[in-house]
Amino acid sequence: MLHNNMNLPNIKSFIPLANFTTWKVGGQAQWLAEPRNLDELSDIIYMAKQKRICSHIIGAGSNLLISDQGLKGLTICLKKMHGCQINQKTGVVEALAGEPLPNLARKVAKEGLHGLEWSIGIPGTVGGAIVMNAGAQDGCTADKLISVKVLSIPDGKLYEIKNDELNFSYRTSMLQKEQLLVISALFQLDPGRNKKAIIEQTNNNLNHRLKTQPYHLPSCGSVFRNPEGLKAGRIIEEIGLKGFCSGGAEVSRLHANFIINKGSATAEDISNLISIIQNKVEEKHGFVLHPEVKRLGFE
Ligand SMILES: Cc1cc2nc3c(=O)[nH]c(=O)nc-3n(C[C@H](O)[C@H](O)[C@H](O)COP(=O)(O)OP(=O)(O)OC[C@H]3O[C@@H](n4cnc5c(N)ncnc54)[C@H](O)[C@@H]3O)c2cc1C
């Protein structure tokens with residue numbers, strides 16, 4: 001049972017989180033904060049610490065499965081901390097954690113900066129992309145990242161962490177294990193390129209996705225990590241699971257590594273479908289597919 005006894009400004013209670021995820025599932029947040037700047041965020045973290053309340057950080061919720069039971073404690077959504085500064089001459093770009101990746105990709109392309117064309121179709125925030133080391137085609141977030149500014153939840157202090165200290169590899173970073181909140185990121189993009197070609201490449205990347213992935217339906221993108229040298233989508237397709245359903249959740253007929261919400265899916269439907277896929281793959285191939293998507297609120 002969730003209780004609202006926090007009574008703090010800028011913090012709402014009993015907020016349905018389905019609207020905060022691209023899968024459009026999930027129960028309520030006991031408390032929800034959407035800070036618009038670092039001062040508001042620092043106050044919220046300070047108050048949560050004083051009251052010994054656990055916090056969950058979310059960006060655009062595009063890689064999250066939030067349980068139907070919702071989240072106890074405080075959910076902090078960083079989407080309202082957005083914006084970026086672009087130096088067209090040097091190619092140095094500073095983006096706040098809540099800046100949508102597709103917006104950033106468009107803005108830097110317009111300035112003729114090369115290096116984020118791959119990110120146009122990824123509906124996450126800069127903060128979430130860094131934590132996940134999001135990537136596509138031959139690019140990933142780590143490639144052009146200089147450093148990140150983080151707020152440490154345990155001590156409430158700000159730190160700058162350089163790229164090589166973040167232990168980036170395929171869809172992972174050390175930030176997935178630490179209680180560090182990404183506030184902003186510094187990128188070094190390549191200036192002086194042909195602006196028209198960069199815009200064209202960015203548009204082509206988006207068009208390719210629209211054709212090959214079920215973009216018009218709620219999903220979280222690829223559910224499973226690709227096993228080394230293999231494609232999770234191909235493995236799932238070969239087992240014949242395209243179109244397979246659990247309640248309102250369905251293995252996409254367009255791209256088998258996507259699970260789509262047909263409209264009435266619950267987090268449990270999706271979670272069950274993930275388990276079914278894992279079991280069938282293990283039965284057939286003897287190895288387990290590991291989810292890329294992060295689960296929150298599952299005991
Ligand atoms: C249609 C679709 C296509 C996609 N395509 C791709 C793709 O091609 N490549 C790819 O890599 N991903 C893809 N994704 C997945 C997703 O968009 C990325 O993982 C994205 O980077 C997640 O960002 P987010 O802001 O939504 O993070 P969330 O999903 O909100 O959070 C993801 C994780 O990061 C943490 N987090 C978020 N923000 C912060 C922060 N500021 N500080 C600390 N922790 C934070 C959360 O606690 C959580 O653990 C796709 C998703 C969809 C829906």
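Into which domains is the chain divided? Domain 1 covers 11–77, domain 2 covers 84–212, and domain 3 covers 232–296. Keep in mind that this is a predicted model. Take domain 2 and domain 3. Their C-alpha centres lie 28 Å apart.

Now the ligand. Where does it lie with respect to domain 1 and domain 2? Both domain 1 and domain 2 give residues to the shell around the ligand, so the ligand lies between them.

Who is in that shell? There are 32 residues around the ligand. The ones that come nearest are Gly59, Gly124, Gly127, Gly128 and Gly221. By type, the shell has 18 nonpolar residues, 12 polar ones and 2 charged ones.

Next, the elements behind it. Four of them each supply at least two shell residues: strand E3 (55–58), helix H3 (126–132), strand E8 (135–136) and strand E12 (180–188). Which one gives the most? Helix H3 does, with 5 residues.

Last stop: a pair of helices. Look at H2, residues 101–110, and H4, residues 195–212. Their axes come within 8 Å and cross at roughly 155°. Angles over 145 degrees count as roughly antiparallel. That is why H2 and H4 are called roughly antiparallel to each other.

And which residues meet there? From H2, we have Ala105, Arg106, Ala109 and Lys110. On the H4 side, they meet Ile198, Ile199 and Thr202. Sort the residues of this contact by type, and you get 4 nonpolar, 1 polar and 2 charged.

So, find the ligand between domain 1 and domain 2 first. Then turn to H2 and H4, and follow the two axes to where they cross.

Note on methods. Residues numbered from 1 in each chain as written. Predicted model: local features only at pLDDT ≥ 70, side-chain atom pairs only at ≥ 80, totals over all residues. Axes fitted to C-alpha atoms, helices over the stretch in contact; angles between N-to-C directions. Helix = DSSP H or I, 4+ residues; strand = E, 2+ residues; numbered from the N terminus. Parallel < 35°, antiparallel > 145°, perpendicular 65-115°, else oblique. Contact = placed C-beta atoms within 7 Å. Nonpolar A, V, L, I, M, F, W, Y, C, P; charged D, E, K, R; others polar. Near = placed C-beta within 6 Å. Domains from an automatic or database assignment.
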